[in-house]
Amino acid sequence: MVFPNPQRGPSLPFCLIASLCASAAHARQSPPQPTSTPNNARAVFMDRDGKTPGTATQIDTPNGVFISAELSKLPPSVHGFHIHQTGKCDPATGFEPAGGHYHPRGAKHGFAVEGGPHAGDMPNQSVKQGGTLKAEVFNTYVRFTVSDAPLFDQDSSAHVVHATADDYRSQSSGNAGERLACAVIQR
């Protein structure tokens with residue numbers, strides 16, 4: 001049924017309006033979950049106890065990769081947040097199988113050094129009281145596949161959250177301390 005509006009002419013059919021309202025109400029109740037597409041990937045973080053404190057979503061764009069991460073139960077402080085070279089996270093080994101920072105171009109570590117940064121270097125992230133880290137980072141040095149720094153090479157890649165801040169200059173990893181959480185980036 002269409003209800004005319006004398007001032008604007010015909011309006012939208014009532015059933016369409018009701019359908020849109022119902023869809024909007026449903027969207028508010030249950031947010032959409034990320035799905036796997038060629039342009040996005042997901043990573044589930046693991047802490048040193050083998051628990052899962054959070055996730056990250058990666059979206060491949062023509063200009064780099066947008067990363068959105070949320071973790072809980074981290075110590076309040078400033079933490080290094082990087083992409084590491086191998087998609088392996090083993091808490092029993094302190095996440096050492098993830099390798100070093102991702103640097104397929106052979107760059108030096110850090111935003112503050114000549115010849116840097118690594119493709120996997122990203123800004124430090126702050127964790128406030130309550131232990132929650134919410135990060136939104138755009139990394140222009142990497143892409144999913146089509147680049148000289150693909151996240152999805154033979155052994156994939158991983159995100160790592162470090163115990164302390166990256167100093168943006170110490171070689172080879174910014175003196176960011178032990179690895180608190182690790183997440184394999186997966187499609």
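Two strands are said to pair if DSSP finds at least two bridges between them. Strands (E, at least two residues) and helices (H or I, at least four) are DSSP runs, numbered from the N terminus.

The structure on display is a predicted model, in which local features need pLDDT of at least 70 and side-chain atom pairs count only at pLDDT 80 or more, while totals for chains, interfaces and linings use all residues. Residues are numbered from 1 along each chain as its sequence is written, and side-chain values use heavy atoms, with hydrogens and water left out.

**The whole chain**

Begin with the complete chain in a cartoon view. The chain has 11 strands and 1 helix. Read from the N terminus, the elements follow the order β-β-α-β-β-β-β-β-β-β-β-β.

Then switch to a surface view. About 10400 Å² of the chain is exposed, and carbon and sulfur atoms supply 55% of that area; accessible areas come from the Shrake-Rupley method with a 1.4 Å probe, and for residues only the protein chains shown count as cover. Of the 187 residues in the chain, 39% are buried. Buried means under 20% relative accessible area, exposed over 50%, and partly exposed in between (1.4 Å probe, protein chains only).

Contact means heavy atoms within 4.5 Å. Among the contacts in the chain with a separation of 6 or more, 61% are between residues 24 or more positions apart.

**Strands β7 and β10**

Select residues 81-84, which form strand β7. F81 and I83 lie on one side of β7 and H82 and H84 on the other, and all of them are buried, so both faces are covered. Add residues 158-162, strand β10, which runs antiparallel to β7 and is joined to it by 4 bridges. Within this pair, H82 stands opposite V160.

**Strand β11 and I185**

Next, select I185 in strand β11. I185 counts as buried because its relative accessible area is 1%. Show the residues around I185: leaving aside neighbours within four places in sequence, its contacts include I83, A158 and H159, as well as A41, R42, A43 and Q58. S157 is also in contact with I185; the two are 28 residues apart in sequence, and 5.8 Å separates their C-alpha atoms.

**Strands β5 and β9**

Move to residues 133-139, strand β9. L133, A135, V137 and N139 make up the covered face of β9, whereas K134, E136 and F138 make up the uncovered one. Residues 64-71 form strand β5, which pairs with β9 in the antiparallel sense over 7 bridges. To place the two strands against each other, label V65, which stands opposite N139 in β9.

**The largest pocket**

Rolling a probe the size of a water molecule over the atoms shows where empty space is left. A pocket is defined on a 1 Å grid over the protein atoms alone, as an open set of points where a 1.4 Å probe fits, with protein on both sides within 12 Å along at least five of seven lines; lining residues have an atom within 4 Å of a point.

Select D47, D49, K51, T52, P53, S72, K73, L74, P75 and L180, which line the largest pocket. About 160 Å³ of space lies in this pocket, a volume being the space filled by probe spheres set on the grid points, which are joined across faces, edges and corners. The lining divides into 4 nonpolar, 2 polar and 4 charged residues. Here Ala, Val, Leu, Ile, Met, Phe, Trp, Tyr, Cys and Pro count as nonpolar, Asp, Glu, Lys and Arg as charged, and the others, Gly among them, as polar.

**The loop between β10 and β11**

From the lining residue P75, step to A163, whose C-alpha atom is 8.2 Å from that of P75 although the two are 88 residues apart along the chain. A163 lies in the loop between β10 and β11 (179-186). A163 counts as partly exposed because its relative accessible area is 21%. Beyond residues up to four places away in sequence, A163 touches S77, V78, H79, A176, G177, E178 and L180.

**Backbone geometry**

Most residues other than glycine have a negative phi, and most peptide bonds are trans. In the loop between β10 and β11, select N175, whose phi is positive, near 55 degrees. N175 is exposed, at 58% relative accessibility. S172 lies in that loop too, and the peptide bond from Q171 to S172 is cis, with omega near 5 degrees.

Finish in the loop between β7 and β8 (125-127), where P117 lies. A cis peptide bond joins G116 and P117, with omega about 0 degrees. F95 is also found in the loop between β7 and β8; its phi is positive, near 65 degrees. F95 is buried, at 0% relative accessibility.
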